[in-house]
Amino acid sequence: MDEITRELFYHEFIAIVEEMAETLKRAGFSQRIKEGGMFSCSIYNFDEEMIAYLSPSPIYLSVGTLTLKHIKQNIPDMKKGDIYIINDPFKGGTDLSNITLVSPVFSEENIKPDFFIVTSASHSEMGTRNLGGVLLAKSIVEEGIFIEPMKLMDQGKMNESFLQAFFYKVSYPKARKGDLNAQILSNYIGTKRIEALIRKYGFDKINNAGKALMDYSEYLMKKTIKEIPDGKYDYVDYLDSDGLNNSKIKIKVSIEIKGDNAIVNFSRSHEVVRGPLNAVLSITNAAVFYVFRSLAPSYTPINSGCLKPIEIISKKHTILNASYPSAVNGGATETAQRIVDVLLGALYPAIPEKIPAASQGTMNGITITGFDKKNNKNFTFYETIPGGVGAGEEYNAPDALQTHMMNVLSESIEAIEYKYPIRVLRYSIRNNSGGQGIFKGGSGTIKDYEILSDATVTIMSERRLKAPYGLNGGKSGKKGNNSHFIASAKETISLPEKVKLKVKKGDRIIIETPGGGGFGKLK
């Protein structure tokens, strides 16, 4: 296929996922989807290869490929109008909160699907009754409802028995119904748009265009890898703890560059831990995808071709390839960030001009749950807090951003104070928390919550014990800090990086997020 035709089809595919994403965002019920952008929309061919992808968050980059394999194995007889649902992290998901819907697309002459439309979205609660408890779970059984591959819609007819059981188990059925309907609508839009393309151009031309785009991405990725000097590059970093009894949890990578191919080996990383920091295979693959795609030219299409020159080795039953019944919700937030840090750290000696220092390396997740007496109802508040960005050669880093794997937006302070018994007393830049250097790391933030009702607070954070690293002689960014102001005693106490505690009305929780590492040694 010639370059002009390939490019025209690229924009056809991108227009479809953009329309799907806008539909999901506008129709979504919860803040995670509407404002946070925690969703993805993508198109796949029958061979489980991603043709087009759109998401604010890289965490979903490998969800569809692994999920499709399990759906096709479990439900081989697919029909037009079917929609399949799954959230099993060990079968391609990320954690139980992320629900994936898959719609097969048929052309008239084929009895098997030609393409698949896939959406994944983060649902704020999955039948746990206490989201705070999920953040420090010891097993995935404590993290919510498991959805094995099944039909949500059978030739256009809704699986009412599943929905009835599902909505009965969740705490906020109205929100779950709204978000599921938004995903169904997004899948419907994607299906109709692909069917229209097939009618206009024919299956063969559409399929060949998808393969041509993947070949182009593979070519650009091979060219990118070839520019990295041949050799073996190792790096190791550590998670603070799993929140239970494991500390200094090793994440180690060995990257071997051979011409235009790369082998990324994580097999010497820590075994699975009791706490919820275990990452499933799709998370590890997505982090590799993200880092290498970031090194490629900006015009490289995001599709399965990007990973074809890269072999990923991740030993089973380790923290980067967890298996049932490991708890995994922190793997999608905290561990995913550390995977990126070790990949960048390993590649720095080979291509120092392209690699930044470590960013904050955590999502600083906070959950506040309790009973709102003013509105006479239970409430659950959850958000993540931005921090400092790592500096690089020739640039100072920005302050107060979410970086890398969970590139999400925070809910507005006005919305928080309107919906929850919480007052945000301070939300500001944590001045001078970025690492010093010729080029300075970005500063983190300070967020001070006053709790206006008795509540339970759970914090899931990292980089409280080991700071984000600087590069080329640059200093590390400041470590993060969590603290609790006890109103009755007028006393502030320090909190660990992972904690669950009871607070009284008038108490405050203060989160100071880490700064990014600096770059270059000051004389």
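This passage describes a sheet, the helices packed on it and the cavities of a predicted model.

Because the model is predicted, local features need pLDDT of at least 70 and side-chain atom pairs count only at pLDDT 80 or more, while totals for chains, interfaces and linings use all residues. Residues are numbered from 1 along each chain as its sequence is written, and side-chain values use heavy atoms, with hydrogens and water left out.

We can start with the sheet. Helices (H or I, at least four residues) and strands (E, at least two) are DSSP runs, numbered from the N terminus. Seven strands, in the order β2-β1-β5-β4-β3-β6-β7, make up an open sheet with antiparallel pairing; two strands pair if DSSP finds at least two bridges between them. At the edges are β2 (50-54) and β7 (157-158), each pairing on one side only. Within the sheet, β3 (residues 83-86) and β4 (residues 98-105) are joined in the antiparallel sense over 3 bridges, and Ile86 faces Thr100 of β4.

Two helices meet this sheet. Helix α5 (residues 160-169) touches β3, β4, β6 (150-154) and β7, and its direction makes about 120 degrees with that of β6. Helix α1 lies across β1 (39-45), β2 and β5 (115-122), at about 145 degrees to β1. Axes here are lines fitted to C-alpha atoms, for helices over the stretch in contact, and angles run from 0 to 180 degrees between N-to-C directions.

Helix α1 (residues 3-27) also meets helix α7 (residues 203-226): their axes come within 9 Å and cross at roughly 100 degrees. The two helices are therefore roughly perpendicular (65 to 115 degrees). In their contact (heavy atoms within 4.5 Å), α1 contributes Arg6, Phe9, Tyr10 and Phe13, and α7 contributes residues including Ile206, Leu213 and Tyr216.

Turning to the interior, the structure holds 4 cavities of 30 Å³ or more. On a 1 Å grid over the protein atoms alone, a cavity is a set of points where a 1.4 Å probe fits but cannot get out, and lining residues have an atom within 4 Å of a point. Grid points are joined across faces, edges and corners, and a volume is the space filled by probe spheres set on the points. The largest cavity encloses about 330 Å³. Its lining has 29 residues, with Arg32, Asp95, Ser97, Asn329 and Tyr382 nearest the centre. The second largest cavity has a volume of about 100 Å³, and its lining includes Arg32, Met38 and Tyr382. At least two of the residues lining the second largest cavity come from each of α2 (31-34) and β13 (377-383).

Conventions. Angles under 35 degrees count as roughly parallel, over 145 as roughly antiparallel, 65 to 115 as roughly perpendicular and the rest as oblique. On a 1 Å grid over the protein atoms alone, a cavity is a set of points where a 1.4 Å probe fits but cannot get out, and a pocket is an open set with protein on both sides within 12 Å along at least five of seven lines; lining residues have an atom within 4 Å of a point.
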